[in-house]
Amino acid sequence: YINSPETPLYNKSKTFYGLDKASNTIKKEDSVILVEGYFDLMQLVQNGIKNVIAISGTSFTDMHASIIKQYTSNIYIAFDGDAAGGKAAIRTGYTLLKNSIDSKIIDIPKNYDPDDLIKQNGPEAFKVLLNDAVHTINFHHKFYIKKNGQSIKNYIDEAMNEIVLIREPIFRELSAKRLSEITKVSEENILISLNNIINKREKFKSMQPHTDENKMNNIMLLEDDTIRLCLIKEKSIRKFIYENMN
């Protein structure tokens, strides 16, 4: 693992550090712990917790979600205990939710990461927090209301803007129900608000100019053909391209 720029061989958006070693354990235990750093991963593995993978120095993506889904749908997010780690954990949880994967977030104490926590308190302390992990929507509520003192209205607005992105309607409705239970706002009103957001977004999309897909495809074909001609054996054609094309 090197936190380097992406290359054609190293695509961070579909790479997990440690997946090659952890895949069998993840399948066997039907769960995975997702961490931010490779030191976090190594500390957990050295202490007997082996169903761990790390993001390779980037944000969690839809591609990551599709890869992880092949191994298990039971995901625990264990990011740093500071504000940035909490926000990153929430974003990751909602990306998984958008892809119809429920996840739980481990509430790492402030100013700790999993590596520090185990160094100072041992693996049992981490396992206790693992057992107390909560659903992404619940953690989001706890993080923004209790820790940062934001209003319940702001939390509901933020949560709904994430829930509307869930592609599967049944999964979206189940998430709306969870939000209703947490906030004590009726499920009916939550669903009405979600539908209003969806309708506004669809209306906005319909107002945007449509891209002529066939035209784009034709341009791509012309580019491909030009590249082939640049590599053709016939020298006169290559010379013509060199002299006449910008």
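The exercises below concern helices in a predicted model.

**Exercise 1.** Which residues of helix α2 are buried, and what do they pack against?

*Solution.* Step 1: take α2 as residues 38-46 and pick out its buried positions, which are Asp 40, Leu 41, Gln 43 and Leu 44. Step 2: look down the axis; these residues lie on the same side of α2 because they cover an arc of only 165°. Step 3: turn to the face away from the buried side, where Phe 39 and Gln 46 are exposed. Step 4: list the packing partners of the buried residues, namely β1 (16-17), β2 (32-35), β3 (52-55), α5 (114-121) and α6 (123-131). Just after α2, Gly 48 has a positive phi of about 85°.

**Exercise 2.** Describe how α5 and α6 pack, and which residues meet.

*Solution.* Step 1: the axes are 6 Å apart and form an angle of about 125°. Step 2: α5 is therefore oblique to α6. Step 3: from α5, Pro 114, Leu 117, Ile 118 and Asn 121 meet Pro 123, Ala 125, Phe 126 and Leu 129 of α6. Step 4: sorted by type, the residues of this contact are seven nonpolar, one polar and no charged.

**Exercise 3.** Where do the buried residues of α10 fall around its axis?

*Solution.* Step 1: α10 (residues 187-207) has 21 residues and spans 30 Å from its first C-alpha to its last, close to the 30 Å expected. Step 2: its buried residues are Ile 190, Leu 194, Ile 197 and Ile 198. Step 3: they fall within an arc of 95°, so they line one face of the helix. Step 4: α8 (152-163) and α9 (169-183) are among the elements covering them. Step 5: the other side of α10 carries the exposed Glu 188, Lys 200, Lys 203 and Met 207.

Conventions:
Residues numbered from 1 in each chain as written. Predicted model: local features only at pLDDT ≥ 70, side-chain atom pairs only at ≥ 80, totals over all residues. Heavy atoms only, no water. Buried < 20%, exposed > 50% of the residue type's maximum accessible area, 1.4 Å probe, protein only. Helix = DSSP H or I, 4+ residues; strand = E, 2+ residues; numbered from the N terminus. Arc of directions from axis to C-beta. Contact = heavy atoms within 4.5 Å. Axes fitted to C-alpha atoms, helices over the stretch in contact; angles between N-to-C directions. Parallel < 35°, antiparallel > 145°, perpendicular 65-115°, else oblique. Nonpolar A, V, L, I, M, F, W, Y, C, P; charged D, E, K, R; others polar. Expected span 1.5 Å × (residues − 1).
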